[in-house]
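Okay, everyone, thanks for coming. I'll put the structure up and then walk you through it.

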Amino acid sequence: MFRAMSSESLHEPIELLSEDTKNQHRAIVSLMEELEAVDWYQQRAEACTDPELKAVLIHNKNEEVEHAMMTLEWLRRKVPVFAENIGTYVGSTGPIVSVEQGATGHGSAGGGAEAPSSSVSLGIGSLKGMK
Ligand SMILES: [Fe+2]
């Protein structure tokens, strides 16, 4: 899926935005569009009464998931906070809220989470210390 003129969805004047922010915006808008397409294809495929068309729609849905994950990977490589949170949550096991508790240093940690990023943990730890 591709929508031209993604700059229409900017929320601030384009001249105030850096190339990094504009490229991040392009990736985020693309990711949103891919996930929206996944949702649409899922619903269409489920409702479709023709088996061959249903198979095509499921195939297309799965390709949109690939597109979404490629875009997410670009964000992971370029935007540290994405990398930090992906490292914490994606591929973790156990209750997801427990993974968050493990990453933020309170509650019981869920199994399988990678080590929390230092910057996120330090930020929250600093806030807790200020109480
Ligand atoms: Fe796509």
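So, a quick definition before any counting: helices here are DSSP runs of H or I with at least four residues, and strands are runs of E with at least two. With that in hand, the protein has five helices and zero strands. Going from the N terminus, the elements simply read α-α-α-α-α. And keep in mind that this is a predicted model.

A few overall numbers. The protein has 131 residues, and 24% of them are buried. The accessible surface is about 9200 Å², with carbon and sulfur atoms making up 59% of that. As for contacts with a separation of 6 or more, 38% of them link residues 24 or more positions apart.

Now the metal. Which residues coordinate the iron ion? We've got Glu34 and Glu64, each through OE, plus His67 through ND1, at 1.9 to 2.1 Å. If you like motifs, the donor spacing in sequence is E-x29-E-x2-H.

Glu64 and His67 sit in helix 2, which covers residues 51–78, and they're three residues apart, about one turn of the helix. In general, an α-helix has 3.6 residues a turn, so residues three or four places apart point the same way.

Buried or exposed, what is Glu64? Glu64 has 6% relative accessibility, and the cut-off for buried is under 20%, so Glu64 counts as buried. His67 is at 28%, so that one goes down as partly exposed.

Over to helix 1, residues 19–47. Here's a little sanity check: with 29 residues at 1.5 Å a residue, helix 1 should span 42 Å, and because its end C-alpha atoms are 42 Å apart, the two agree. Glu34, the iron donor we met a moment ago, is among the buried residues of helix 1. The others on that list include His25, Val29, Leu31, Glu33, Val38 and Tyr41. And what covers the buried residues of helix 1? Helix 2 is part of that cover.

Last stop, the surface. Leu35, Val65 and Met69 make a nonpolar patch of about 250 Å². Met69 belongs to helix 2. Its relative accessible area is 43%, and since exposed would need over 50%, Met69 is classed as partly exposed.

So, to recap: five helices, zero strands, and an iron ion held by Glu34, Glu64 and His67. That's it from me.

Definitions and conventions: Residues are numbered from 1 along each chain as its sequence is written. This is a predicted model: local features need pLDDT of at least 70, side-chain atom pairs count only at pLDDT 80 or more; totals for chains, interfaces and linings use all residues. Side-chain values use heavy atoms; hydrogens and water are left out. Donors are N, O and S atoms within 2.8 Å of the metal (3.2 Å for Na, K and Ca); water is not among the atoms, so sites may look incomplete. Buried means under 20% relative accessible area, exposed over 50%, partly exposed in between (1.4 Å probe, protein chains only). The expected span of a helix is 1.5 Å times one less than its number of residues. Contact means heavy atoms within 4.5 Å. Accessible areas come from the Shrake-Rupley method with a 1.4 Å probe; for residues, only the protein chains shown count as cover. Patches are made of residues with over 30% relative accessible area and no salt bridge: like charges are joined within 9 Å, nonpolar side chains (Val, Leu, Ile, Met, Phe, Trp, Tyr) within 5 Å. A salt bridge is a side-chain nitrogen of Lys or Arg within 4 Å of a carboxyl oxygen of Asp or Glu.
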